[in-house]
Every structure is written in C-alpha cells, then in structure tokens.
Amino acid sequence: MPHATVTVAMTADLFTPLSLRATTIPNRVMVSPMCQYSCDARDGQATAWHSQHLKSRAVGGAGLVMTEATAVEPRGRISPEDLGIWDDAHIEALADITAFIRQQGSIPAMQLAHAGRKASTARPWEGGEPLDVEAGGWDVLGPTETPYPHRNGEAVPTQRMSHADIDTVTQSFVDAARRADEAGFEIVEVHAAHGYLLHEFLSPVTNTREDEYGGDFEGRIRFPLAVIEAVRAVWPDDKPVFVRISATDWLADRDAWDIEQSIDFADRAADYGVDFIDVSGGGIHPDQQLPAAGPGYQTGYASRIKRETDSEIAVGAVGAITAPEQADSTIRTGQADMAIIGREHLRDPYFTLHAAHTLGREDSVSVPPQYRRAF
Ligand SMILES: Cc1cc2nc3c(=O)[nH]c(=O)nc-3n(C[C@H](O)[C@H](O)[C@H](O)COP(=O)(O)O)c2cc1C
C-alpha cells in the first residue's frame with residue numbers, strides 16, 4: 001500500500017514576520033497602546049518619559065511598538081497630560097522616537113484617539129475623576145448630551161455633536177494621520193474601543209440619536225466608518241491602518257454592542273481598507289459585567305472575528321497575555337495574527353527577547369549588539 005501524502009500546513013508562530021501591505025512586522029508581539037499621562041506641560045508634547053518608554057520596548061524586541069491613545073484634538077484628551085497630535089509642533093519629538101524604533105528593526109505605530117464623553121478627567125494617580133474648568137477641565141463631546149456616569153457621581157458637561165462637529169472631528173483625525181505620517185509612523189490605529197468617542201457612536205447604550213448617525217447598526221457605524229474612510233484616504237496606500245474595537249460592551253442586560261456586531265463591523269472596516277482589527281473589550285458603562293480576567297480573557301473574541309469575517313482582515317488578541325508559551329500558542333493555534341501585550345510590557349520591556357530565550361528561538365530575534373553579551 002502506498003503511503004498517503006500528508007501535507008503539513010505552514011503554521012505561523014510568535015517569530016513569524018507578518019506582512020501587511022508593504023510593511024513587514026518582524027514578529028507577532030505588539031506593545032499595546034498604554035496612556036502614560038506624562039505631558040506635564042499639558043501641551044500634548046512627547047517628553048523624555050515617552051521617548052524612553054517607547055524606545056526601550058523596541059530595544060526589547062517587540063515587532064510593533066504602538067503609542068498610547070494620542071489625542072487628535074485637545075477636547076479628545078482623557079486627561080490634560082495626554083499625548084497629542086493636533087498640532088504640527090508635535091511632529092518633531094515624535095519623529096525622533098520613530099527613527100529610533102526603526103533603527104531597532106521594530107515598526108512604530110500610533111493610536112489616534114478622541115475620548116468623547118470620557119474626556120476631561122484627572123490622571124489615574126490623581127484620582128481619575130472629572131476635572132472642573134478651574135482645574136484645567138473642559139466641556140466634552142458625545143453622541144448625545146448624556147454624560148458618562150463617573151463613579152464619584154460627577155458629570156462633565158457633554159455637548160451632543162452636531163453635523164458640523166462630526167465634520168470637524170473627522171477632519172481632526174485626517175490632520176492627525178497626516179502628521180503621524182510626517183513623524184515617521186508606519187501604522188495608524190483608529191481607536192474605536194473602551195467607551196471613547198467612536199465606540200460611543202457604535203454602541204446603542206450611548207448612541208440614542210435619531211438622525212442618520214444613530215438608530216440601527218447602519219446608523220451607528222456611520223461616523224466611525226466615515227473617520228476610517230477619511231483616514232485611509234490620506235494614509236499612504238502602502239502603509240497599514242488598524243482599528244481597535246471593544247468586541248462587546250459586557251452588558252447582557254440591555255441593548256448593547258456585542259460580538260456579532262463586531263464581526264459585521266470588522267468586515268465593513270475591511271471594505272474601507274482597514275488591514276487589522278485589534279480586539280479589546282468593554283469600557284462603555286460602569287455597569288459592565290467583566291468576565292474573570294484570567295489568561296487571554298479576550299482572545300476568544302479575536303478568534304471569532306478571525307474565523308467568522310468574510311474578509312481576510314488580520315486580527316490581534318489582547319488581554320492578560322503574559323507568558324511566552326501563551327503568546328506563541330495564540331498565534332500557532334490560529335486564534336489571532338498578533339499577540340498584543342500591555343501590562344506585561346510594563347513589567348518587562350524585554351518581553352520579546354526573554355520569550356525568544358524561553359522558547360529556544362534566540363536565532364529569530366536581533367539582540368542589540370550593545371547587549372549581546374547578556375543574552
Ligand atoms: C496603563 C495603561 C494604559 C492604557 N492605555 C490605553 C490606551 O491608551 N489605549 C488603549 O486602547 N488601551 C489602553 N489600555 C489598555 C491596554 O492597551 C490593554 O488593552 C489592556 O491593558 C489589556 O491588556 P494586558 O492584559 O496585556 O494589559 C491601557 C492599559 C493600561 C494598563
């Protein structure tokens with residue numbers, strides 16, 4: 001009897017490069033966007049802190065280093081100390097950071113953000129609650145006038161966005177993308193997760209508008225898709241665009257955003273030229289019922305989007321990915337195309353170099369020559 005021919009599929013692992021358009025990310029580790037609240041002059045300018053924070057993760061071998069939520073306009077900052085990209089004056093300091101990240105062989109990416117009705121709060125280590133005008137706060141924008149229900153019972157005055165406001169904010173995203181390109185970023189990620197402005201339009205929990213930007217699924221996705229379309233139009237054709245979403249609002253007791261809508265939205269985003277969906281969760285309302293945040297607690301959502309979308313859109317999983325074997329198996333089992341790692345990168349900027357050692361893959365990473373004697 002002749003032996004049957006066995007075809008072994010080429011399986012990607014944590015150290016397989018990922019090509020999107022003309023960009024090749026050297027491995028599947030992405031530094032998740034993480035606010036540093038460190039523009040002490042409250043001017044959106046990258047400081048020595050941002051410089052060291054982002055550059056050292058590139059030295060640590062992450063294939064993709066994403067900035068924190070970077071505000072496209074001052075009203076869109078979570079706190080006054082947020083990083084900004086609303087002015088050409090922000091480009092120079094960022095360009096220094098992207099050049100260094102590239103020198104390490106890593107890909108620099110920027111998350112473009114608008115905090116909507118969750119803007120104007122103190123930074124977390126100063127309480128995180130709404131700031132009044134005397135303390136440097138401002139009135140915020142949302143799909144309706146309903147403010148975010150902050151834990152301390154305070155409300156930030158919230159303005160329902162007019163059609164003119166929708167155009168203004170869309171243009172802010174476009175101008176921000178143009179600046180991000182000038183600053184040398186290879187990827188921009190449109191932040192449509194965590195209860196910030198674009199998520200506030202997606203979710204029926206916060207979007208109760210009765211015009212064409214509210215109502216059914218088509219209405220609620222209209223503004224986020226318009227932003228995506230406008231960003232894609234100015235972002236160079238050969239560079240990828242990512243979108244971060246909350247796969248679910250974790251509000252099963254009411255009409256809310258859920259994984260089925262996320263799958264449909266991912267396909268729609270792909271139609272508009274989005275290359276990658278970064279799959280997070282929650283943030284729209286404090287009543288959310290969080291799942292037990294055990295290892296990879298959100299990976300199942302990324303996996304469903306990967307399997308159930310009609311498009312070939314790439315997908316990233318985030319949420320309590322901390323161990324090299326876990327990150328590697330997320331890729332090997334085809335659950336996601338990228339392991340997105342947040343807090344573990346705060347504990348260990350050299351996560352990727354350590355993972356290569358643990359997994360016996362030192363040959364797959366390039367240790368900076370200055371540090372080779374240690375690895
Ligand atoms: C300090 C800190 C700041 C964060 N800032 C952002 C942010 O700017 N944009 C964003 O999309 N998510 C932000 N997040 C969420 C993380 O990107 C990530 O999705 C989350 O921490 C779960 O991943 P992890 O378990 O690997 O930390 C932040 C998380 C932390 C801990």
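1. A polar contact, as the term is used here, is a pair of N or O atoms within 3.5 Å. By that criterion histidine 191 makes a polar contact with the ligand, because an N or O atom of its side chain lies 3.3 Å from an oxygen atom of the ligand. The model is a predicted one, and the values in this note are computed from it.

2. Two further residues approach the ligand through N or O atoms. The side chain of glutamine 111 places an N or O atom 2.8 Å from a nitrogen atom of the ligand. For alanine 69 the backbone is involved: one of its N or O atoms is 3.0 Å from an oxygen atom of the ligand. The ligand taken alone exposes 610 Å², of which the protein buries 82%.

3. The shell around the ligand comprises 17 residues. Ser32, Pro33, Cys35, Ala320 and Arg343 are the closest of these. In terms of class, the shell consists of seven nonpolar, seven polar and three charged residues.

4. Where does the ligand sit? Its site is the largest pocket, which holds about 1,300 Å³ of space. The lining of this pocket is made up of 47 residues, and those closest to the pocket centre are Tyr37, Lys118, His194, Tyr196 and Gly283. Two elements each give two or more residues to the lining, namely strand E12 (338-341) and helix H9 (343-347). Helix H9 contributes the most, with four residues. Sorted by class, the lining contains 21 nonpolar, 18 polar and eight charged residues.

5. The second largest pocket has about 200 Å³ of space. It is lined by 17 residues, with Gly61, Gln104, Gly105, Val365 and Ser366 closest to its centre. Nonpolar and polar residues number eight each in this lining, and one residue is charged.

6. How many cavities of 30 Å³ or more does a search of the whole structure find? The search returns one. The volume of the largest cavity is about 40 Å³. Its lining includes Ala69 and His191, and both residues also have an N or O atom close to an oxygen atom of the ligand, at 3.0 Å for the backbone of alanine 69 and at 3.3 Å for the side chain of histidine 191. Other residues of the cavity lining include Thr70, Ala71, Gly76, Arg77, Ile78 and Asp82, as well as Ala113, His114, Ala115 and Tyr196. Tyr196 is also among the residues closest to the centre of the largest pocket.

7. Which element supplies the largest share of the lining of the largest cavity? Strand E4 (residues 64-71) does, with three residues. The class division of the cavity lining is six nonpolar, four polar and two charged residues.

8. Two residues other than glycine deserve a remark on backbone geometry. Histidine 194 has a positive phi of about 60 degrees; this residue is located in the loop that joins strand E8 (187-192) to helix H4 (197-202). His194 is also one of the residues closest to the centre of the largest pocket. Alanine 320 likewise has a positive phi, near 50 degrees, and lies in the loop between strand E11 (314-318) and helix H8 (324-332). Ala320 is, in addition, one of the closest residues around the ligand.

How values were computed: Residues are numbered from 1 along each chain as its sequence is written. This is a predicted model: local features need pLDDT of at least 70, side-chain atom pairs count only at pLDDT 80 or more; totals for chains, interfaces and linings use all residues. Side-chain values use heavy atoms; hydrogens and water are left out. A residue is near a molecule or strand if one of its heavy atoms lies within 4 Å of it. A polar contact is a pair of N or O atoms within 3.5 Å; within protein, one must be able to donate a hydrogen and the other to accept it, and residues adjacent in sequence count only if both atoms are side-chain atoms. Accessible areas come from the Shrake-Rupley method with a 1.4 Å probe; for residues, only the protein chains shown count as cover. On a 1 Å grid over the protein atoms alone, a cavity is a set of points where a 1.4 Å probe fits but cannot get out, and a pocket is an open set with protein on both sides within 12 Å along at least five of seven lines; lining residues have an atom within 4 Å of a point. A molecule sits in a cavity or pocket if more than half of its atoms lie within 2 Å of its grid points. Ala, Val, Leu, Ile, Met, Phe, Trp, Tyr, Cys and Pro count as nonpolar, Asp, Glu, Lys and Arg as charged, and the others, Gly among them, as polar. Grid points are joined across faces, edges and corners, and a volume is the space filled by probe spheres set on the points.
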